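Please open the model in your viewer and keep a selection panel at hand. The stops below go from the whole chain to its cores and then to single residues.

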Amino acid sequence: MPGGGFCKLPGGSVVVAIGLPSPAGDGVTVRFLVHAANRARALTRLRNLGLRAVYLRGNAEPPTPDEITAVLHHPDGLLWRSAPGAAQELWHSIRTLPTAS
């Protein structure tokens, strides 16, 4: 089961952070951040990208304040990073996500 969580913002929207296997199939875990009106819409945004089995059960790994700031200041509201623990890697736009060829 993927690790993840969410944070409800004062305006009513949510930021969802979830770790999933990379769509490129290289065995790397990718941490996704999604800003949406509610949790269901956030997960639907990920499913629409081709990540079909995306479910969020519990709130074990909620987004950090730095992650919330990053996704709120991005125009797409959807970011990813391949090494969740590495502070050196920057967040990438969802358009740059590698896919299986």
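Begin with the whole protein chain in a cartoon view, where you will find 2 helices and 5 strands, the helices being DSSP runs of H or I with at least four residues and the strands runs of E with at least two, numbered from the N terminus. Followed along the sequence, these elements come in the pattern β-β-β-α-α-β-β. The radius of gyration, 12 Å, is close to the 13 Å of the globule rule for 101 residues, so the protein chain is as compact as a globular protein of that length; the radius is taken over C-alpha atoms, and the rule is 2.2 Å times the number of residues to the power 0.38.

Before going further, note that this is a predicted model, in which local features need pLDDT of at least 70 and side-chain atom pairs count only at pLDDT 80 or more, while totals for chains, interfaces and linings use all residues. Residues are numbered from 1 along each chain as its sequence is written, and side-chain values use heavy atoms, with hydrogens and water left out.

Next, colour by burial: 38% of the 101 residues in the protein chain are buried, that is, under 20% relative accessible area with a 1.4 Å probe, protein chains only.

Now select I18, F32, L46 and V54, which touch the most other members of the largest nonpolar core, a set of 18 residues; such a core consists of buried Ala, Val, Leu, Ile, Met, Phe, Trp, Tyr and Cys residues joined through side-chain atoms within 4.5 Å. At least two residues of this core come from each of β2 (14-21), β3 (29-36), α1 (39-48) and β4 (78-81). Centre on V54 and, setting aside residues up to four places away in sequence, look for I18, L20, L43, L46 and R47, which V54 touches, a contact being heavy atoms within 4.5 Å. Another core, of 8 residues, lies apart from the largest one, and its members include V15, L33, V71 and W91.

Move on to E67, which sits in helix α2 (residues 65-72). Is E67 buried or exposed? E67 is buried, with a relative accessible area of 6%, and, beyond its neighbours within four places in sequence, E67 is in contact with A17, R31, L33, P62, R81 and W91.

Finish at S93 in strand β5 (residues 92-93). S93 is buried, at a relative accessible area of 17%, and its contacts, leaving aside neighbours within four places in sequence, are H74, D76, L78, L79 and W80.

How values were computed:
Buried means under 20% relative accessible area, exposed over 50%, partly exposed in between (1.4 Å probe, protein chains only).
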